[in-house]
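Dear colleague,

Please find below the structure that I am handing over to you. A summary of what was found in it follows.

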Amino acid sequence: MDLIRSHVMVCCGTGCSSSNSAAIIEEFEKQLAAKGLDKEVRVVHTGCFGLCQAGPVVIIYPEGAFYAHMKPENVERIVEEHLVKGRVVKEFLYKEAVEEDNRIKSLENVEFYKKQKRIALRNCGVIDPENIEEYIAFDGYKALGKVLTEMKPEEVIDLVTRSGLRGRGGAGFLTGMKWKFAAASVSDKKYVCCNADEGDPGAFMDRSVLEGDPHVVIEAMAIAAYAIGADQGYIYCRAEYPIAVKRLEIAIRQAREYGLLGEDIFGTGFNFDLEVRLGAGAFVCGEETALMTSIEGHRGEPRPRPPFPAVKGLFGKPTILNNVETYANIPQIINNGWEWFAAMGTEKSKGTKVFALGGKVNNIGLVEVPMGTTLREIVYDIGGGCPNGKKFKAAQTGGPSGGCIPASHLDVKIDYDNLTAIGSMMGSGGMIVMDEDNCMVDIARFFLDFTVDESCGKCAPCRIGTRRMLEILERIVEGKGEDGDIEKLENLAKTIKATAMCGLGQSAPNPVLSTLKYFRHEYEAHIYEKRCPAGHCKKLLTYKINATKCRGCTMCARNCPAGCISGKVREPHVIDTTKCLKCGVCMEKCKFDAITRS
Amino acid sequence: MSFEKEKYAALQREIDKLKNEPGALMPVMQKAQEIFGYLPEDVQRYIAKALDIPASDVYGVATFYAQFNLEPKGKYIISVCMGTACYVKGSQQVLDKLEEVLGVPAGHTTPDGLFTLNATRCLGACGLAPVIMINEDVYGRLTPDQVPDIISMYH
C-alpha cells in the first residue's frame, strides 16, 4: 500500500457539485499526475462540509486548509505551492479561516463551526461515501456487530428509548417507543422503512447525510430490523436527489458484498435486505401512511390512524418508519451508550439537530447544534446575520407545517416543545431567514400555495379549506383585502386543524396562524391601508419621480412598457399611476436615483 | 415504427424484471417514462395489461405524482426552484422573466418544442439561491436580467 502523505477532500454534495466540483477533482488529478504526486496525495470525493455558501469547498489535510470558492484554474497553484512546496496558498483560503497574524485557524475555531456538534453529520466531509472501508474505519458497522452478537432485541429498544431520541422528521415521537410497539406486534413479516422523501422546501439535511454517509442509514436500519424482528427494508427517496440515490445504491451493493446485508449477517442467523424506492414528487408522501401507500404502488394518499403502522403498515404488516437523520444517530447511541446521548440537549429534547440554514443569511449551509441552542446563536454566531446590513425579521422553521419566529423570540432555546409553544415546529429542520424586505403575508401565501398544490384531495377540509385560505391571501396581497378577512382566515384555520385527516392538512394553516400572531400589523396594512410595509407586494407599490432629482433624460419614459411616463426633455418627468404596471423598469434604468417606490 | 417497437421491447424487459416485486407499478412507470420520455395513453394501457391491473389504476398514479408526464416535453427542461430559500431571494422574479422571454406560462412547452418551463420544488442547492436548472446545467445566484443571455445559449 502506498503511503499517503496528504488528502485533498473535495466536497461532492449537491451544492458544490452544482458549482462544478467535478471539474476541480479532474484538475487536481491531472496536476498531481503531472507532478508525479498521485501515489502520495489522494483526492477524496466527500459529502457535504456544511458551509455551502463558500462552495465549491476543498479541504487539504493534514494542515486542515479550507479553500473556499475553488476554481479549476486555481488548482495548479495549490498543487505547486501547497502540495509540492508545503506552503498553504492563503489568498484562496476561506477568509474566516485565517488568523490576523496570518496563521491558519483550525476549523473548530471558525465561527461557523465553533458552536456546532456533528453527530448525524459526523462522517460528512470526512469519508468517501462510495467506499465502505472508509466507513468501517470510522467505527462503521461496529454497532450492528455489537447489537447482533451481544444484545437482545429488547435491550436495543430499551437503550434507544432511554437515550431520549425523538423522530427528526416532524412530530418528534420517541423513536424507542415506536420500535417497542412494532416489536410487540406479532406477525410473520415486518418491515423497516426510511423516509428519505425530504419534501420541505428549503431543507436538505437528509440529502446531505445520504450523499455524505449512506452506510450509516443502512447500518441503523439493520439495527432497527433486528430490534423489531423484520427482515426487509425500504428506503423511500426523492427522485430529485440523483446523487443520493446513486450513492445509496452503491452502498447497498457494497454492504451485500461484505455480508452486512443479506442472509446470516455476522454469522448470527439474522437476515436483512434493503431496497431503494423512488418517490415521484408528492409532498404528502412524507406522511407515514401515504409513504407506505406509495411504496405499495398506489396514489400516495394517507389513511386514517389507527391502525398505526406499528400494527398494520406496509402491505398490511407491522412497520416502522423513521427519517434519515433519526437513523443517523442510532449507531453512535449504541456505540457510546444512551447516557452519552441523553447528556446533550434539553430536558425533553436530547442530542443534536441538523438545520438547513438558508435565505437571507450570510453563511448558508448545514448546521448541526445541540438541542437548546438559541435561534440567535444559529442566525448570528453561526450564520453571520443578514447580508447587506439588513434587519432580521423572522426565521421560518418546519416548512409548510411550521411557522415564522419573530425577532422577539430570538433567545428561545430551540427544542421540540419550545418551538411548538411559540407557534412553529421543529419539522425536518429547514430554517429560512427573512429580512425586512420580505412580506410576511406573501410568505404565508407562498406556503398556502404550496399546500394547495400538494394536497392529495382525499379529505375535504384540506382540499377545499386550504384553497379558500389561499384565495383570501391572494386577494390581500393584491390589495383587494376586505374587512373581516383576518377573522375568516382564523376560522378556516381552526376548522382545518381540527378536522383534516393527516398531518399535512392539520398543519397547513400554521404559516398563516403564526404570521397572524406576530405580524398582524402587516395583514392590517395590506387590508385597510392597501400598503405593503415591506415594499414587496407589487400590486400595492407606487412609483414616484422626485422632481428635484430628475434631469429629464427620458431614459425611464423610453423604457416604460406601459408608456405611462411623460415629460419634456430636460424637464422633470411624471408617472401616471393609474396606468403603471409596477414593473420597476423605470427605477432600474434611472441613473440619477430619482425614482422611489413606496 | 421499429423504433417504437424497440421501446416497447425495452419496457417489456423492465416489466419482466419487476413484475413479481410487491408494489411494482411505480418503478415500472418510472422506467417507462425513462424509455418513452413521457407516458402516452398507449403506454399506460400496455403497463396495465402487462401487470394485470385496471388502466384506471395506472392513470390514477400517473396523474397523482408531479414527476409523471402525460405530454411530451421540450428538448430543454427548465426547472425554476421555488423552494423557500430561493423564493425569499427572488425566484418568482426569475420565473416571471423566463415566462416573458419564452412566451409560455410555467408548466408549458414552447411551440417549437425546444423548452419546457417548470416551477419545481426545492432542488436542494440553497447555497446558490435563486437557482434554475436547464436539463443538467445549474445556474445559481441569478438575477432576472441574466435570463435572456442564458436562454440564447440554447437556441
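Into which domains is chain B divided? In this predicted model, chain B consists of domain 1 (2-64) and domain 2 (76-152). The C-alpha centres of these two domains of chain B are 30 Å apart.

For chain A, the domain assignment gives domain 1 (6-105), domain 2 (132-342), domain 3 (352-435), domain 4 (440-528) and domain 5 (541-597). Between domain 2 of chain A and domain 3 of chain A, the distance from centre to centre, taken over C-alpha atoms, is 27 Å. Contacts between them involve 15 residues of domain 2 of chain A and 15 residues of domain 3 of chain A. On the side of domain 2 of chain A that touches domain 3 of chain A, there are 4 nonpolar, 6 polar and 5 charged residues.

The interface of the two chains

Where chain B meets chain A, 30 residues of chain B are in contact with 38 residues of chain A. Three elements of chain B give two or more residues to its side of this interface, namely α2 (25-36), α4 (55-64) and α5 (84-88). Of these, α5(B) gives the most, with 4 residues. The side of chain B that touches chain A comprises 19 nonpolar, 9 polar and 2 charged residues.

Helix α2 of chain B also contains Pro27(B). Pro27(B) is classed as partly exposed because 19 other C-beta atoms lie within 10 Å, whereas a buried residue would need 20 or more. Its C-alpha atom is separated by 9.1 Å from that of Ile15(B), and the two residues are 12 residues apart along the chain.

The nonpolar cores

In soluble globular proteins, nonpolar side chains tend to be buried together. Here the largest nonpolar core has 220 residues, and Val217(A), Met221(A) and Ile223(A) have the most contacts inside it. Helix α10 (residues 214-228) of chain A gives the most to this core, with 12 residues. If residues up to four places away in sequence are not counted, Val217(A) touches Cys194(A), Val209(A), Leu210(A), Ile235(A), Val324(A), Tyr327(A) and Ala328(A). There is also a second, separate core of 11 residues, which includes Tyr543(A), Cys556(A), Ile575(A) and Ile595(A).

Strand pairing in chain A

Strand β10 (residues 352-359) of chain A is mostly covered, as 8 of its 8 residues are buried. With strand β11 (residues 365-370) of chain A, β10(A) pairs in the antiparallel sense over 6 bridges. These two strands form a hairpin with 5 residues between them, and Val354(A) stands opposite Glu368(A) in β11(A). β10(A) also runs parallel to strand β14 (residues 430-435) of chain A, to which 4 bridges join it. Within that pairing, Ala356(A) has Gly430(A) in β14(A) as its bridge partner.

Strand β1 (residues 6-11) of chain A likewise has two pairings to report. One is with strand β2 (residues 41-46) of chain A, in the parallel sense over 6 bridges. The other is with strand β3 (residues 58-61) of chain A, which runs antiparallel to β1(A) and is joined to it by 4 bridges. Met9(A) takes part in both: this residue stands opposite Val44(A) in β2(A), and its bridge partner in β3(A) is Ile59(A).

Yours sincerely

Technical notes: Residues are numbered from 1 along each chain as its sequence is written. Chains are lettered from A and ligands numbered from 1 in the order in which they are written. This is a predicted model: local features need pLDDT of at least 70, side-chain atom pairs count only at pLDDT 80 or more; totals for chains, interfaces and linings use all residues. Domain bounds come from an automatic or database domain assignment. Two residues are in contact if their C-beta atoms, placed from the backbone, lie within 7 Å. Ala, Val, Leu, Ile, Met, Phe, Trp, Tyr, Cys and Pro count as nonpolar, Asp, Glu, Lys and Arg as charged, and the others, Gly among them, as polar. A residue is buried if 20 or more other C-beta atoms lie within 10 Å of its own, exposed if 12 or fewer, and partly exposed in between; C-beta atoms are placed from the backbone. A nonpolar core is a set of buried Ala, Val, Leu, Ile, Met, Phe, Trp, Tyr and Cys residues joined through C-beta atoms within 7 Å. Two strands pair if DSSP finds at least two bridges between them.
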